[in-house]
Amino acid sequence: MTRRTTALSAAVALAAALALTGCSSDGGRPELEVSGAYMPQPVMDMAGGFLTIRNTGDTADKLTSVTSPLSDDVTMHETKDQKMRQVKSFDIPANGELKLARGGNHLMFMELKEKPKQGEKVSVELHFEKADPITVELPVEAPNHNPQQH
């Protein structure tokens with residue numbers, strides 16, 4: 001009878017451990033980190049935004065929208081074959097990154113409420129399909145700033 005109780009206790013402990021493993025908080029969630037964010041100083045009433053979102057998690061995500069006090073109309077654009085078109089989202093692969101850079105995918109801020117100057121910062125909130133929103137401060141750089149040339 002004791003051997004049976006021990007086996008039953010071990011089975012219950014194993015089942016509990018497996019159930020808890022399935023509920024771990026970091027499993028199945030994207031782990032997002034933003035770097036290299038900037039906005040060239042606008043010369044007209046619109047501006048571009050550039051940044052990299054790195055996903056160290058095992059689950060892919062999507063950047064679904066961007067909001068900012070600078071503009072009520074922040075859109076996402078991809079560039080393919082030297083043509084720009086608006087998209088509804090950008091994929092962020094598991095264990096990969098989404099790079100928004102000059103000449104490629106980027107953010108567009110239309111009808112600016114003000115023109116930020118070099119040295120200032122513009123606040124944006126990135127919204128995702130799965131991850132919680134991330135607030136990022138974009139430093140305003142020179143109009144011709146391009147970190148790929150440095």
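**Exercise 1. Is N146 buried or exposed, and what is its relative accessibility?**

Start with the ground rules. This is a predicted model, in which local features need pLDDT of at least 70, side-chain atom pairs count only at pLDDT 80 or more, and totals for chains, interfaces and linings use all residues. Residues are numbered from 1 along each chain as its sequence is written, and side-chain values use heavy atoms, with hydrogens and water left out.

Step 1. Locate the residue: N146 sits in the segment after β10 (134-141). Strands (E, at least two residues) and helices (H or I, at least four) are DSSP runs, numbered from the N terminus.

Step 2. Apply the cut-offs: buried is under 20% relative accessible area, exposed is over 50%, and partly exposed is in between (1.4 Å probe, protein chains only). N146 counts as buried because its relative accessibility is 13%.

Step 3. List the contacts (heavy atoms within 4.5 Å). Leaving out residues up to four places away in sequence, N146 touches Y38 and R102.

**Exercise 2. Describe the protein chain as a whole.**

Step 1. Count the elements: there are 1 helix and 10 strands. Their order from the N terminus is α-β-β-β-β-β-β-β-β-β-β.

Step 2. Check burial: of the 150 residues, 36% are buried.

Step 3. Check contact range. Take the contacts between residues at least 6 apart in sequence; 70% of them join residues at least 24 apart.

Step 4. Get the surface. The accessible area is about 9400 Å², and carbon and sulfur atoms hold 52% of it. The method is Shrake-Rupley with a 1.4 Å probe; for residues, only the protein chains shown count as cover.

**Exercise 3. Characterise the largest pocket.**

Step 1. Define it. On a 1 Å grid over the protein atoms alone, a pocket is an open set of points where a 1.4 Å probe fits, with protein on both sides within 12 Å along at least five of seven lines; lining residues have an atom within 4 Å of a point.

Step 2. Read the volume: about 240 Å³. This is the space filled by probe spheres set on the points, which are joined across faces, edges and corners.

Step 3. Find the lining. It has 13 residues, and P40, V43, M46, A47 and G48 are the closest to the pocket centre. β2 (47-55) and β8 (106-110) each supply at least two lining residues. β2 gives the most, with 3.

Step 4. Sort by class: 9 nonpolar, 3 polar and 1 charged. Here Ala, Val, Leu, Ile, Met, Phe, Trp, Tyr, Cys and Pro are nonpolar, Asp, Glu, Lys and Arg are charged, and the others, Gly among them, are polar.

**Exercise 4. Trace the largest nonpolar core through L138 and V124.**

Step 1. Define the core: buried Ala, Val, Leu, Ile, Met, Phe, Trp, Tyr and Cys residues joined through side-chain atoms within 4.5 Å.

Step 2. Pick the hubs. Among its 27 residues, I53, L63, F109, L126 and L138 touch the most other members. Strand β9 (residues 121-128) contributes the most to this core, with 4 residues.

Step 3. Follow L138. Beyond four places in sequence, its contacts include A37, F50, F109 and V124.

Step 4. Turn to V124, in strand β9. V124 is buried, at 1% relative accessibility. Its C-alpha atom is 6.4 Å from that of E137, 13 residues away along the chain. Beyond four places in sequence, V124 contacts V66, T67, S68, F109, I134, T135, V136 and L138.

**Exercise 5. Examine the positive phi values of D81 and N95.**

Step 1. D81, not a glycine, has phi near 55°. D81 lies in the loop between β4 (73-80) and β5 (83-87). Its 75% relative accessibility makes D81 exposed.

Step 2. N95, also not a glycine, has phi of about 50°. N95 is in the loop between β6 (90-92) and β7 (96-100). At 46% relative accessibility, N95 is partly exposed.
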